[in-house]
Amino acid sequence: MHIEKKTLRNVFIGVISCIVLYWVLHETERVKVAYTFVKGIVSPFILGASLAFILNVPMRAIEGLLRGIKKQSLRRLSALLLTFLAVLLVLTLVFVLLIPQMTETIQSLIPKIYAFVTRTETFAKEFMQDNPQLMEWLSTNTDWESINWSSLVQNAVSMVGNSVTAILMRTFSAIGSITGALVDVVIAIVFAIYCLFQKETLARQGRKILYAFTKERFADRIIHVLRLSNSTFSNFLSGQCIEVCILGVMIAVAMAILKLPYIPLVSVLVAVTAFIPIVGAWAGCVVGAFFMLVNDPMQAVWFVIMFLVVQQIEGNLIYPKVVGDSIGLPGLWVLAAIT
């Protein structure tokens, strides 16, 4: 009986798949160890590829501006250096705006936090004095007077002493983790530089591999989807940059109108965190509201109300228009997708 090579290959793949599935289901601990090992090796390269994919957007625009440089390698190197320089410049500008303002804010908040705690303690004492029924209930239902405070202090000191060792161990572990993370970041940056410098070669090799192992129609479809994804993401990123700048300016103007404090810090913080989808701008809102809560609770209330109004205007009117025009979708469909 003659068996076709295709049938034999399918049978072989099926047997191997069953063996692998059986091993995965019955050797979960080994699978976890193997997964962790492979993840540790692959993660820097995935991070580097993602970084290269993002940085390729401004690098392509810069490279288009350097068409006067005839030599391809020199033009590519110049565009790569200018891209990293632009990213470092933006990060430096953000930190220059945030760090001094953050330091000044924290220094001014420390005495205000003490005053806030004192006011809260005074309010609690007055509340207890004005509500003797509550004090009576506490004395009746709890052994408030029989508490051994010296024993509690000794236990607290002992707990702190035991915690010091644990904290030191965790500190050394954290230092090791940070060192490993820095090594991964360096590898990722180097890999991203290689990808950006040789992106045409990598794309050509990827197409060859795709056509070698898949059918031509399927390979054509994959390449079309990848090109469309790259184009859409590039346009989305440029639109997102414009949108966060608009949001930061709107927050700053609204805070100036309401005469709220910490305008540079909060507006820049909201604009930077707005790059994180869905929850980013709200994180900036929470931090800003905390600063103002310690300074004046009513300022925090007005800030949250102002933020909600600005967020509705920006999310329902400006965002669909700016990002929709960038990715080629009408604002109505972008609004529907956000909703």
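**Exercise 1.** What span should the 38 residues of helix α2 have at 1.5 Å a residue, and how far apart are its end C-alpha atoms?

*Solution.* The model is predicted: local features need pLDDT of at least 70, side-chain atom pairs count only at pLDDT 80 or more, and totals for chains, interfaces and linings use all residues. Residues are numbered from 1 along each chain as its sequence is written, and side-chain values use heavy atoms, without hydrogens or water.

Step 1. Helices are DSSP runs (H or I, at least four residues), numbered from the N terminus; α2 covers residues 28-65.

Step 2. The expected span is 1.5 Å times one less than the number of residues, so α2 should span 56 Å.

Step 3. The end C-alpha atoms of α2 are 53 Å apart, which agrees.

Step 4. Helix α2 has a kink of about 40° at V42, shortly before the proline P44; this bend is the angle between axes fitted to the seven residues ending there and the seven starting there.

**Exercise 2.** Determine whether T273 is buried or exposed, and describe its surroundings.

*Solution.* Step 1. T273 belongs to helix α8 (residues 263-273).

Step 2. Buried means under 20% relative accessible area and exposed over 50%, with partly exposed in between (1.4 Å probe, protein chains only). Because its relative accessibility is 15%, T273 counts as buried.

Step 3. A polar atom of the T273 side chain lies 2.8 Å from the backbone oxygen of L269, and the side chain of T273 also reaches the backbone oxygen of V270, at 3.2 Å.

Step 4. Apart from neighbours within four places in sequence, T273 is in contact (heavy atoms within 4.5 Å) with G280, A281 and G284.

Note on methods:
Helix = DSSP H or I, 4+ residues; strand = E, 2+ residues; numbered from the N terminus. Polar contact = N/O pair within 3.5 Å; in protein donor to acceptor, adjacent residues only side chain to side chain.
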